[in-house]
Amino acid sequence: MGRALSSSQTIDIASLATTAEPVPPLLQVDLRAMYLHRSERLRTLAKDHHTMADYLSFVADIVDTQYRIFQEKPLPAAQEQSSLVVDWHTAPLSKQTVKRDGYWLEVFDQLLIQLSEKHPNGAIAETLTRLRNTSVDAKEKIADQLLTGDVSGAGSDGAPFVWAALSLYWSQLVRQKPLIPHETVGVARDLCPICGNAPVASVVTIGPPEGVRYLHCALCESEWRYVRAQCTNCEKSGKLHYWSLDDKDAAVKTESCGDCHSHLKILFQNKDGHIDPVADDLASLALDARMEEEGFARSAVNPFLFPAPEHD
Amino acid sequence: MQVTRRQFFKICSGGMAGTTLATLGFAPGAALADVRAYKLLRARETRNTCPYCSVGCGLLMYSRSDGAGNVKESIFHIEGDPDHPVSRGALCPKGAGLVDFVHSQDRLRYPEVREAGSKEWKRISWEEALDRIARHIKNDRDANFVERNASGVTVNRYNTTGLFACTATSNEAGYLTLKLARSLGMVSVDHVARI
């Protein structure tokens, strides 16, 4: 771009064709920066929030704990350094098939201990104590269930803590080996191509390149590209609408699909550079409430707000 | 066609009972207290192709459609489509000003005719416009059609009228444009998208 050509120079067509950088199909945000930013974002959102300030601050405490454990006790490096092919057919580090390392249990215990110190009373403390007194086998079973979307074992109160530990494990696991994306045409992209989990929200980039959309994985915090103006769940594009509260140019919107009757938030980083998919999704709960009234269900779970177990 | 693999959730109905927020001792009623205070806005994001030149840059067009039956949808913003394989979100200054073109007061909205010798433009129906164009083409073609050339070889040429077609057409539309022109024997055909 922007190269000056004097009249004596010849134009190399081949090089012109490759001038624009290809849009990366996968992005992996730096975990350290991500946790710091998420915590800060949650506290900023809490400050101005009329109705969820206490909850957002509490979630910021969980994120701070994730960050601290990540700093003090990162996942040990992998033995072999082979790369992984990501082809959108089979998730190479699938949440269903990977044999979890005991590391996640250590993270889980640490998380419960550190949060107990911060929250010694009330329903939070009761939940933390209950989880701490759970056997290793039961913890593994609860995790298995939660990874398939079944909240009954962990309970909606325990699920965010189990998820926070699993997420910290998977986020490091998928960053251990180089990933080689093989873009395959005609393959569904509704789930994370690396771990197979659903996204928490979609993010439109500030760039460069600006305006490209990525879905942010709720488990391994990877991002995969997904074209704009197409349903991220059923891939149809005929009955899409974009909803926002009060401002048509809002940075937080949600994309609804009249074909599958679901919606997923779409967060415009190019309108607010401080967007974090998890924090901003959580803080815009009012939008979810209004979308439910319009007949649309979320096609994503926020890692810090699980539904009641029996809910379908 | 494709079966979804994502689960669907409704978390706010029923006052958020049983959700994390409630079971961890936070007040779910408070979390939803000001939901009605907001105005819910609905818009559409639609793909299109810039009508100006042969590059055919991809567009994303944003229109408001707040659901009320009597409110007409209105485009409020147009930007380059970052997913477009050719233009990748870029637009030239002319393309970047498209939203003003859409809402221009001078935009042609219906067929008009300025009769020979007249200074006034007069609104006519689509039917009349098409009939009159067809009549002109027929008269011109009947008068000037070249069935054979000087050597007596059949050529079936219609040289006195050409066709210039617009961009923002697909391959199929381009194919039909060419078919129409050639079926009349038209030789001079050009297209903004260079069919």
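**Exercise 1. Work out which residues of α4(A) and α7(A) meet, and describe how the two helices pack.**

Solution. Start with the residues. From α4(A) come Tyr103(A), Trp104(A), Val107(A), Phe108(A), Leu111(A) and Leu112(A), and they meet Phe161(A), Val162(A), Ala164(A), Ala165(A), Leu166(A), Leu168(A) and Tyr169(A) of α7(A). Sort that list by class and you get 13 nonpolar residues, with no polar and no charged ones. Keep in mind that we're working with a predicted model here.

Now the geometry. Two packed helices are described by the angle between their axes and the distance between the axes. For α4(A) and α7(A), the angle is about 135° and the axes are 9 Å apart. That makes the pair oblique, because an angle has to be over 145 degrees to count as roughly antiparallel. As for handedness, α4(A) passes α7(A) in a right-handed crossing.

**Exercise 2. Now do the packing of α4(A) against α5(A): what is the crossing angle, and which residues make the contact?**

Solution. Angle and distance come first again: the axes of α4(A), residues 103-118, and α5(A) cross at roughly 150° and come within 10 Å. This time the helices are therefore roughly antiparallel, and their crossing is left-handed.

Next, the residues. α4(A) brings Leu112(A), Leu115(A) and Ser116(A), while α5(A) brings Ala125(A), Leu128(A), Leu131(A) and Arg132(A). Class by class, that's five nonpolar residues, one polar and one charged. Leu112(A) is worth a second look: it belongs to this contact and also turns up in the one with α7(A).

**Exercise 3. Place Glu126(A): is it buried, exposed or partly exposed?**

Solution. Find its element first: Glu126(A) sits in helix α5, residues 122-132 of chain A. Then count neighbours. There are 14 C-beta atoms inside 10 Å, so Glu126(A) goes down as partly exposed; a buried residue would need 20 or more. For a sense of distance, take Arg175(A), 49 residues away along the chain: its C-alpha atom is separated from that of Glu126(A) by 34 Å.

**Exercise 4. Map the surroundings of β9(A): which strands pair with it, and in which sense?**

Solution. Go partner by partner.

- β4(A), residues 199-204, pairs with β9(A) in the parallel sense over three bridges. One to look at is Val203(A), whose bridge partner in β9(A) is Leu267(A).
- β8(A), residues 252-257, runs antiparallel to β9(A) and is joined to it by six bridges. Here Val252(A) stands opposite Leu267(A).
- β10(A) runs parallel to β9(A), with two bridges between them. Ser262(A) stands opposite Ala297(A) in this pair.

Now check the cover: seven of the seven residues of β9(A), 262-268, are buried. In a regular strand the side chains alternate between the two faces of the sheet. In β9(A), Ser262(A), Leu264(A), Ile266(A) and Phe268(A) point one way, and His263(A), Lys265(A) and Leu267(A) the other. Both sets are buried, Lys265(A) included.

Finish with the turn. The hairpin of β8(A) and β9(A) has four residues between the strands, and His261(A) has a positive phi near 60° there.

**Exercise 5. Take Trp88(A) and Glu221(A): what is phi for each, and where do they sit?**

Solution. Most residues other than glycine have a negative phi, and most peptide bonds are trans. Trp88(A) has a positive phi of about 70°; look for it in the loop between β2(A) and α4(A). Its 20 C-beta neighbours inside 10 Å make it buried, since 20 or more is the cut-off.

Glu221(A) also has a positive phi, near 60°. Its home is the loop between β5(A) and β6(A). With 27 neighbours inside 10 Å, Glu221(A) counts as buried.

**Exercise 6. Describe the interface: how many residues of chain A and chain B are in contact?**

Solution. Count each side: 56 residues of chain A touch 44 of chain B. On the chain A side, the elements supplying at least two residues each are α3, α5, α7, β7, α9 and β10. The classes on that side come to 30 nonpolar, 14 polar and twelve charged residues.

Last step: look for strand pairing across the chains. β7(A) and β1(B), residues 40-49, run antiparallel and are joined by four bridges. Within this pair, Leu245(A) has Leu40(B) as its bridge partner.

Definitions and conventions. Residues numbered from 1 in each chain as written. Chains lettered and ligands numbered in written order. Predicted model: local features only at pLDDT ≥ 70, side-chain atom pairs only at ≥ 80, totals over all residues. Buried ≥ 20, exposed ≤ 12 C-beta atoms within 10 Å, placed from the backbone. Axes fitted to C-alpha atoms, helices over the stretch in contact; angles between N-to-C directions. Parallel < 35°, antiparallel > 145°, perpendicular 65-115°, else oblique. Left-handed = near helix turned anticlockwise from the far one by under 90°. Contact = placed C-beta atoms within 7 Å. Nonpolar A, V, L, I, M, F, W, Y, C, P; charged D, E, K, R; others polar. Pairing = 2+ DSSP bridges.
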